[in-house]
Amino acid sequence: MDETVPTKSAATPEWQPVLVYGVVLLALAITSVVFAAPGDGLLSGPYGAGTAVFFLVLGLFSIGTGFPHPAFGHVSFDRVAQVASILVLGPVDAAWVNGLASFMFPWHRLLKGVPLPAVATAAFHNAGLMIIVVLGCGLLYQYLGGQIPVEQLDWGVIGLLLLLVVAMQVVNDLGMMFVQYLRGGQPWSVFNRFTVVVEFISAAAGVVLAIAFVQQSLAYFSLLLAVLGAGMLVIMQYALMRYRLEGIVEERTRELRDQALEFERQATHDKLTGLPNRRYADDYLQQQIDRALRSQHGGAVALGDIDYFKRINDEFSHAIGDQVLERIAQILSAGCRKSDFVARYGGEEFLICFPETDLGHAGEVCGQLRQDIEEANWDDIAPDLGVTISFGLAGITDGARRRTVLNDADARLYRAKREGRNRVVAV
């Protein structure tokens with residue numbers, strides 16, 4: 001699995017640590033190849049430059065026949081070329097060949113409009129990580145007595161090959177997890193069962209390819225290579241189709257979830273003002289009363305009613321009345337604390353709940369809200385429009401009932417109306 005090359009908008013500062021890390025990693029990898037190279041130089045084994053070019057091309061092809069990782073990166077069949085080249089060329093030559101393939105591959109995305117820093121980040125990191133994976137794990141395999149080139153399989157060789165593949169997977173995943181950490185993502189999102197299966201199948205194919213390269217005729221090897229390439233393309237198409245379908249299902253699920261949330265909101269909130277509706281307000285008030293009984297912390301409730309609202313509708317139109325309701329909702333919400341609860345209780349009536357607040361303080365808040373509404377400039381809604389509101393308050397005390405509290409607040413609201421409107425009555 002390689003680091004993904006981000007989209008056009010991804011050349012952002014959060015990629016800078018990954019770019020620096022990629023440059024350092026590649027420099028370390030190249031230095032490791034230089035120190036690990038035999039005294040007579042690179043490609044000093046039985047196979048020369050032609051074989052190296054073949055594995056370079058195979059590496060580019062196997063990287064290209066990949067698909068997006070569901071969370072992060074690019075899953076490819078590059079383990080085919082990596083394992084096969086280790087078992088034919090040896091770990092040192094396999095390391096620089098696969099590193100060169102990983103470095104070369106991302107640059108074609110410049111033609112797709114991907115920014116240069118993003119492409120360079122992927123090229124440096126992928127090349128450095130592949131060299132480290134191939135060189136380190138290949139040298140471990142060779143040190144433990146693994147055959148290079150592989151000519152036959154027995155249980156000992158199979159055990160060493162399995163160790164080689166597991167070690168490559170672990171080192172690769174640890175490297176990708178660290179990149180995810182640098183990017184601020186979730187490191188564990190690197191793991192995916194399907195991609196691990198693809199990696200191990202690719203490694204097994206690499207073993208078969210290496211044995212055929214060493215022992216079989218050119219015709220047989222070419223046929224095997226064609227079948228392997230076709231299989232890689234088929235699996236790639238299957239993976240792309242699978243993730244495309246998963247994306248469609250995820251999108252539909254998200255849409256259904258959003259619709260459910262919207263239906264729930266419509267059932268509990270007023271469409272015009274966006275405030276909670278009466279049903280939600282009654283439930284909330286009951287919760288506050290229950291909480292007051294448990295904690296012995298009281299509260300207060302206010303019922304506010306717009307004065308002469310019918311006259312506003314009759315003289316200015318119901319459309320103007322709707323705008324007045326929206327403006328009143330905004331003023332009430334802005335004038336209350338985040339811990340307070342504001343709802344449209346019905347028609348031109350609003351309910352405000354003040355948790356753990358005494359009646360005196362709640363009365364002061366309602367007095368300021370009344371003043372804000374009276375002094376607001378309503379000319380942008382309708383010239384010569386004036387709006388006032390009246391409030392009736394009641395306290396939430398130990399042993400109170402929701403209906404009793406609302407009746408007390410409603411009775412005081414009625415007194416405020418009877419005594420001239422545009423006032424607050426708390427006792």
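**Figure 1. Asp270 and its salt bridge with Arg344 in the predicted model.** Asp270 is buried, its relative accessible area being 16%, and in this predicted model the residue pairs with Arg344 through a salt bridge in which the closest N and O atoms are 3.2 Å apart. The two residues belong to distant parts of the chain, 74 residues apart, with Arg344 in strand β4 (residues 341–346) and Asp270 in the loop between α8 (218–268) and α9 (278–295). Arg344 likewise counts as buried, at 16% relative accessibility, because that value falls under the 20% limit for burial. The pair is one contribution to a count of 13 salt bridges.

**Figure 2. The salt bridge between Asp340 and Arg337.** The side chains of Asp340 and Arg337 meet at an N to O distance of 2.7 Å, forming a salt bridge. Asp340 is buried, with a relative accessible area of 11%, whereas Arg337 is partly exposed, with a relative accessible area of 37%.

**Figure 3. A salt bridge within helix α12, and a separate salt-bridge network.** Arg370 and Glu374 both lie in helix α12 (residues 359–375), and because they are four residues apart, about one helical turn separates them. Their side chains meet in a salt bridge, with 3.0 Å from N to O. Arg370 counts as buried at 18% relative accessibility, while Glu374, at 39%, counts as partly exposed. A further network is formed by Asp305, Asp307 and Lys417, which are joined by salt bridges that share partners.

**Figure 4. Surroundings of Asp282 in helix α9.** Asp282 lies in helix α9 and is buried, with a relative accessible area of 16%. The side chain of Asp282 makes a polar contact of 3.4 Å with the side chain of Arg402. When residues up to four places away in sequence are left out of the count, Asp282 touches Tyr345, Arg402 and Leu406, so that Arg402 appears both as a polar partner and among the residues touched by this buried side chain's residue.

**Figure 5. The largest pocket and the residues that line it.** The largest pocket holds about 200 Å³ of space, and 17 residues line this pocket, of which Gly45, Leu89, Gly90, Asp93 and Ile148 are the closest to its centre. Helices α3 (78–89) and α4 (91–104) each supply at least two residues of the lining, and the largest share, three residues, comes from α4. By residue class, the lining of the largest pocket divides into eleven nonpolar residues, five polar residues and one charged residue.

**Figure 6. Pro17 in helix α1, with Met168 as a reference point.** Pro17 is found in helix α1, which covers residues 16–36, and is partly exposed, with a relative accessible area of 38%. From Pro17 to Met168 the separation is 151 residues in sequence, and their C-alpha atoms are 24 Å apart in space.

Note on methods: Residues numbered from 1 in each chain as written. Predicted model: local features only at pLDDT ≥ 70, side-chain atom pairs only at ≥ 80, totals over all residues. Heavy atoms only, no water. 1 Å grid on protein atoms, 1.4 Å probe; cavity = no way out; pocket = protein on both sides within 12 Å on 5 of 7 lines; lining within 4 Å. Points joined across faces, edges and corners; volume = space filled by probe spheres on them. Nonpolar A, V, L, I, M, F, W, Y, C, P; charged D, E, K, R; others polar. Salt bridge = Lys/Arg side-chain N within 4 Å of Asp/Glu carboxyl O. Buried < 20%, exposed > 50% of the residue type's maximum accessible area, 1.4 Å probe, protein only. Polar contact = N/O pair within 3.5 Å; in protein donor to acceptor, adjacent residues only side chain to side chain. Contact = heavy atoms within 4.5 Å.
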